[in-house]
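Here is a quick walk through a few helices and one loop, with a look at what packs against what. Keep the viewer open as you read.

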Amino acid sequence: AGTPASYSLPAPNKNSKDNGKIKGVPTPWSTDKEFIAKVQSVSKSLNCNYIDLLACMANETGATFDPGLVNGIGATGLIQFMPTTATGLGTSTATLKGLDRVTQMTWVLKYFNYMKLTSKAPTPKLQDLYNCIFWPAAVGKPDNYIIAPAGSKVATQNKSLQASDGSITAASVGLAAAKWMPAVQQALANAGVQNPPPAAPHNGAAAAPQNAPRRDSRSRRRRW
């Protein structure tokens, strides 16, 4: 495994960029030191950069980082756990909905390990992380790997993930999460958060049970 990506945060400014909420109540995430520390810890376990993981969760929650967020078809929380996925992990969306950000991050790590993220991508990039959430079969694939061809039901229902030709590719999924990077980085800078030292390369991937739950290969839940 290699060394995770590193980023330089911008200079602080007067624009908060933090629209954090919990159950609809304004609750900043960037100044939640316990949450940031937990995200950094999870990212170290996954051999990725924590800012990449934050960008994925920003895309899933509209940058609220609300662990109780539920969309129209029941997807819940920081990475929008589907009900069947939660059951496969040994929990439920009802339970996940009641957790705070820090505690739910434990389940985020369990999800990535169950999906064998680091077996497929020992040093996960942003697009590997977000593909593991959206379409696990695309993890570690080339940028031009086609998840959904132009005009397909999945592509039509997920226009924000489309490439320029209307298809959805491994790279276009990553670009959707990457759009949140400036806001995430600015919020962290304004909160005085510093990047941790680069994680040491891992020698092996986390083991996953043989009956790991599969992410639904269904039309994507659009959004809250």
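A residue counts as buried here when its relative accessible area is under 20%. This is a predicted model, and by that cut-off helix α2 is mostly covered, with 12 of its 12 residues buried. They run through Y50, I51, D52, L53, L54, A55, C56, M57, A58, N59, E60 and T61, so charged D52 and E60 are on the buried list too. The cover over these residues includes α1, α5 (101-114), α7, α9 and α10.

The length of α2 checks out as well: at 1.5 Å a residue, its 12 residues should span 16 Å, and the end C-alpha atoms are indeed 16 Å apart. At the N-terminal end, N49 acts as the cap, through a side-chain oxygen placed 2.7 Å from the backbone nitrogen of I51. Just past the other end comes G62, with a positive phi of about 65°.

Next, the loop between α2 (50-61) and α3 (83-89), which is where N71 sits. Is N71 buried or exposed? Its relative accessibility is 6%, so N71 counts as buried. The N71 side chain also reaches two backbone nitrogens, those of G74 and A75. Here are the side-chain contacts to backbone nitrogen, with the α2 cap alongside:

| Side chain | Backbone nitrogen | Distance |
|---|---|---|
| N49 | I51 | 2.7 Å |
| N71 | G74 | 3.1 Å |
| N71 | A75 | 2.9 Å |

Now for α7 (residues 126-134) and α9 (residues 170-178). How do they cross? Their axes come within 8 Å, at roughly 100°, and α7 and α9 are therefore roughly perpendicular to each other. By class, this contact has 8 nonpolar, 3 polar and no charged residues. On the α7 side the residues are L126, Q127, Y130, N131 and F134, and they meet A170, A171, V173, G174, A177 and A178 of α9. The spacing has a familiar look: an α-helix has 3.6 residues a turn, so residues three or four places apart point the same way.

Finally, α10 (residues 181-190) is mostly covered too, with 7 of its 10 residues buried. Those are M181, V184, Q185, Q186, A187, L188 and A189, and they pack against α1 (33-46), α2, α7 and α9. After α10 comes G192, with a positive phi near 80°.

Terms used: Residues numbered from 1 in each chain as written. Predicted model: local features only at pLDDT ≥ 70, side-chain atom pairs only at ≥ 80, totals over all residues. Heavy atoms only, no water. Axes fitted to C-alpha atoms, helices over the stretch in contact; angles between N-to-C directions. Helix = DSSP H or I, 4+ residues; strand = E, 2+ residues; numbered from the N terminus. Parallel < 35°, antiparallel > 145°, perpendicular 65-115°, else oblique. Contact = heavy atoms within 4.5 Å. Buried < 20%, exposed > 50% of the residue type's maximum accessible area, 1.4 Å probe, protein only. Polar contact = N/O pair within 3.5 Å; in protein donor to acceptor, adjacent residues only side chain to side chain. Expected span 1.5 Å × (residues − 1).
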